[in-house]
Amino acid sequence: MAATSEQVDALLLFFCGALTLLVPVGLAFFVGGLGGRAAASRALLFALTGTAVTVLLGVLGGYGMLAGRPLIGHLVGTPSLDLATGFGAAEAHGPRVYDLARAGSLLAVCCVSVAIVGVAVASRVTLRAWLVLTVLWSVLVLYPAGYAVFALDDGWATGVLGVIDFGGALPIGVAAGAAAAGVILACGRTEHRPPEQRSFGAIAIGGTLVWVGWLGLVVGSEGAVDSYTGLIAINAFVASGGGCLAWMIVDRVLLRRPTTVSALCGAFSGLVAITAAAGVLTIGWSLLLGTIAALACATMVDLAARARFGPSMALIVIVTVASLVGLLYLGLFAAGGGMVDSGNFDLFTAQAIAGFSVLIGSFLVGLALALALRFTLGLTRIGYRASNEPTPGRDRPTVPARNAAGDGDAAEAGDAAESGEASRPGHAVRPRGADR
């Protein structure tokens with residue numbers, strides 16, 4: 001018995017949804033590895049817990065808010081338990097396999113959006129605050145932003161303004177990046193890890209998982225196997241390749257040493273940029289988009305690093321800037337509706353309104369939620385300091401414990417550190433084994 005077209009489409013969504021779920025784990029390893037093994041472990045914890053909460057919320061009514069019947073016209077859908085009941089699985093004919101596949105694919109996209117926020121703030125906030133933030137931000141921002149894109153007939157972005165967003169750049173990149181920036185701003189600055197303290201293994205594994213998983217996200221954005229599927233896949237490959245080379249060229253010119261991190265960041269920025277645009281660009285325009293997005297992201301990451309908000313700012317800059325570049329690029333070069341083909345800026349204006357509206361709204365909501373948690377439940381247990389302020393307990397010499405043999409050097413070092421003699425000019429504690 002030959003498979004029907006609906007079954008083939010459902011299989012594509014199931015497969016691409018499974019690949020998309022690699023992205024939260026990959027982001028945790030990649031961004032966490034920039035801060036060391038401990039940071040990677042905590043980022044993975046936040047990514048996994050955020051994914052679990054997102055799936056639970058989706059089953060308990062969130063999917064209805066994302067793609068169901070309108071509750072508030074053009075803004076958000078009606079919370080529904082249809083996904084929990086299998087879309088009427090008890091009925092004689094059972095649920096449509098395609099409906100379940102689409103629901104799983106959209107929930108996987110939501111997991112990516114939540115994971116971006118979680119990985120970015122993992123080193124700052126407590127797990128308790130993160131769980132509360134996940135629920136509130138999903139209801140207030142993620143579902144309305146997703147409804148604007150995925151409710152094709154009623155959403156304010158696609159249905160009213162006529163925005164083109166194939167893969168969900170608005171809820172994934174713009175909304176998540178802006179919310180993470182708001183939370184980071186509420187937490188304050190932190191110290192930037194030197195390269196020697198990073199975990200190269202975690203960065204390499206995470207970057208590879210993100211690359212493969214995001215390709216699945218983009219290819220599954222069409223939702224069917226049709227004449228556009230091959231073009232979408234090729235455009236994703238080409239954009240990621242152009243971004244990879246462009247970022248390495250920037251690092252070669254500015255730093256004289258392109259690295260593996262440069263290549264992975266460039267490929268990632270190209271994929272994020274093509275998320276909204278894969279189905280309406282030719283291959284040449286896709287290559288140019290990946291290159292432009294990587295150049296813009298590389299420049300902004302360098303500027304953001306000087307603000308000393310930590311390595312997670314690189315992720316925030318890439319997903320936000322690349323998503324906005326992709327959305328605005330469509331207003332100029334989209335086949336049929338872009339300025340080059342149509343001769344007007346109607347699509348560009350619609351893309352700009354949608355992108356910056358989600359950016360500002362999600363940033364303000366993320367900042368407000370973080371400040372509310374900071375003064376109620378508690379946002380973070382880690383203290384941050386200004387550049388000229390000493391770190392308590394870290395600027396003193398470490399006092400090794402005295403062993404059973406009665407090491408005199410350790411005791412002398414401890415006495416000197418406690419009395420403050422080690423900090424006086426001309427008096428220094430001699431390290432163990434200096435005269436051996």
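**Exercise 1.** Which backbone oxygen does the side chain of Thr 229 reach, and at what distance?

*Solution.* The model is predicted: local features need pLDDT of at least 70, side-chain atom pairs count only at pLDDT 80 or more, and totals for chains, interfaces and linings use all residues. Residues are numbered from 1 along each chain as its sequence is written, and side-chain values use heavy atoms, with hydrogens and water left out.

Step 1. Locate Thr 229: it lies in helix H9, residues 229–254 (helices are DSSP runs of H or I with at least four residues, strands are runs of E with at least two, and both are numbered from the N terminus).

Step 2. Find the partner: the side chain of Thr 229 reaches the backbone oxygen of Ala 224 at 2.8 Å.

Step 3. List the contacts (heavy atoms within 4.5 Å). Leaving aside neighbours within four places in sequence, Thr 229 is in contact with Val 219, Glu 222 and Ala 224.

**Exercise 2.** Is Ser 138 buried or exposed? Describe its surroundings.

*Solution.* Step 1. Ser 138 belongs to helix H5, residues 127–150.

Step 2. Its relative accessible area is 1%, so Ser 138 is buried (buried means under 20% relative accessible area, exposed over 50%, partly exposed in between, with a 1.4 Å probe and protein chains only).

Step 3. The side chain of Ser 138 reaches the backbone oxygen of Thr 134 at 2.7 Å.

Step 4. Not counting residues up to four places away in sequence, Ser 138 touches Leu 57, Val 114, Tyr 143 and Pro 144.

**Exercise 3.** Where is His 74 placed, and what is the sign of its phi?

*Solution.* Step 1. His 74 sits in the loop between strand E1 (70–72) and strand E2 (76–77).

Step 2. Its phi is positive, about 70 degrees, although His 74 is not a glycine. Most residues other than glycine have a negative phi.

Step 3. With a relative accessible area of 36%, His 74 is partly exposed.

**Exercise 4.** How many of the twelve residues of H2 are buried, and which helices do they pack against?

*Solution.* Step 1. Helix H2 covers residues 22–33 and reaches 16 Å from its first C-alpha to its last, close to the 16 Å expected at 1.5 Å a residue (the expected span is 1.5 Å times one less than the number of residues).

Step 2. Nine of the twelve residues are buried, and H2 is mostly covered. Among the buried residues are Val 23, Pro 24, Leu 27 and Phe 30.

Step 3. The buried residues of H2 pack against helices H1 (5–20), H3 (37–67), H4 (97–121), H8 (200–219), H10 (260–274) and H12 (312–333).

Technical notes. A polar contact is a pair of N or O atoms within 3.5 Å; within protein, one must be able to donate a hydrogen and the other to accept it, and residues adjacent in sequence count only if both atoms are side-chain atoms.
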